[in-house]
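This report introduces a protein structure to a reader who has not met it before. The sequence and the structure are shown first, and the description follows.

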Amino acid sequence: MLITEKASITARACYKKFDQRKKEYIPLTAKAVTALYDDNDNELIASLKNDLSNAACELLPQIKFNLCALNKAGVGKAIVAGSGPTVIGFYDDKKNGGDRFGQDTFEKAESEMQRIAFDGVLTKSGYKAGDIGAVFAGD
């Protein structure tokens with residue numbers, strides 16, 4: 001699930017704020033690549049992070065609100081995309097079970113999975129469908 005803002009942040013401003021923070025960051029690239037090759041979705045999602053996240057939130061506080069909204073909606077992980085303002089929520093709704101979500105084809109299952117995820121985010125986050133400008137999905 002993606003949430004973005006009309007306001008923008010330049011990559012230059014975000015990196016400048018990041019550099020001002022002078023923090024050490026632990027790279028997780030090897031962990032993410034291993035999880036990807038091992039087809040371990042949980043480990044892959046756990047290893048995703050964005051070192052620019054705090055800087056982006058300082059520059060545009062609405063980003064932090066959007067991250068909180070995704071977490072409140074039950075996503076497994078919410079991160080800032082690049083230097084912002086878009087945030088990404090990795091939403092996994094296993095309670096519906098099965099690999100076809102009650103549908104007779106995988107194509108219909110993919111559509112149903114997206115509908116369930118979208119409805120879940122709306123319900124749990126307090127957003128209304130009219131608050132969402134676009135939804136992008138793919139496989």
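The accessible surface of the protein comes to about 9300 Å², and carbon and sulfur atoms account for 53% of that surface. These values, like the others in this report, come from a predicted model. Of the 139 residues in the protein, 30% are buried. Among contacts between residues at least 6 apart in sequence, 56% join residues that are at least 24 apart.

The protein contains six helices and three strands. Along the sequence, these elements follow the pattern β-α-α-α-α-α-β-β-α.

**The strands**

Strand β3, residues 87-90, pairs with both of the other strands named here, as the table sets out.

| Strand paired with β3 | Sense | Bridges | A bridge partnership |
|---|---|---|---|
| β1 (residues 2-3) | antiparallel | two bridges | Leu 2 with Ile 88 |
| β2 (residues 77-80) | antiparallel | four bridges | Ile 79 with Ile 88 |

Ile 88 is thus a bridge partner of Leu 2 and also of Ile 79. The side chains of β3 alternate along the strand. Val 87 and Gly 89 point to one face and are buried, whereas Ile 88 and Phe 90 point to the other face and are not buried. Strands β2 and β3 form a hairpin with six residues between them, and in this hairpin Gly 82 takes a positive phi near 55°.

**The nonpolar core**

The largest nonpolar core has 20 residues, and Ile 63, Leu 67 and Val 87 touch the most other members. The elements that give two or more residues to this core are α1 (11-21), α4, α5, β2 and α6. Helix α5 supplies the largest share, four residues. Apart from its neighbours within four places in sequence, Ile 63 is in contact with Ile 9, Ala 56, Cys 57, Val 80, Gly 84, Pro 85 and Val 87.

**A buried asparagine**

Asn 50 lies in the loop between α3 (41-47) and α4 (53-59). Is Asn 50 buried or exposed? Its relative accessible area is 17%, and Asn 50 therefore counts as buried, the limit being under 20%. The side chain of Asn 50 reaches the backbone oxygen of Val 80 at 2.7 Å. When residues up to four places away in sequence are not counted, Asn 50 touches Val 80, Ala 81 and Gly 82. Val 80 is also among the contacts of Ile 63.

**Helix α6 and the segment after it**

Helix α6 comprises 20 residues, 106-125. From its first C-alpha to its last, α6 reaches 28 Å, close to the 28 Å expected at 1.5 Å a residue. The buried residues of α6 are Ala 109, Glu 112, Ile 116, Ala 117, Phe 118, Gly 120, Val 121, Leu 122 and Ser 125. Helix α5 (62-72) is included in what covers these buried residues.

Just after α6, Gly 126 takes a positive phi of about 90°. Ala 129 is found in the segment that follows α6. Why does Ala 129 count as partly exposed? Its relative accessibility is 48%, and this value places Ala 129 between the 20% limit for buried and the 50% limit for exposed, so Ala 129 is partly exposed. Ala 129 and Asp 119 are ten residues apart in sequence, and the distance between them in space is 8.7 Å, C-alpha to C-alpha.

How values were computed:
Residues numbered from 1 in each chain as written. Predicted model: local features only at pLDDT ≥ 70, side-chain atom pairs only at ≥ 80, totals over all residues. Heavy atoms only, no water. Expected span 1.5 Å × (residues − 1). Buried < 20%, exposed > 50% of the residue type's maximum accessible area, 1.4 Å probe, protein only. Contact = heavy atoms within 4.5 Å. Polar contact = N/O pair within 3.5 Å; in protein donor to acceptor, adjacent residues only side chain to side chain. Pairing = 2+ DSSP bridges. Areas by Shrake-Rupley, 256 points an atom, 1.4 Å probe, with all protein chains shown as cover. Core = buried A, V, L, I, M, F, W, Y, C linked by side-chain atoms within 4.5 Å.
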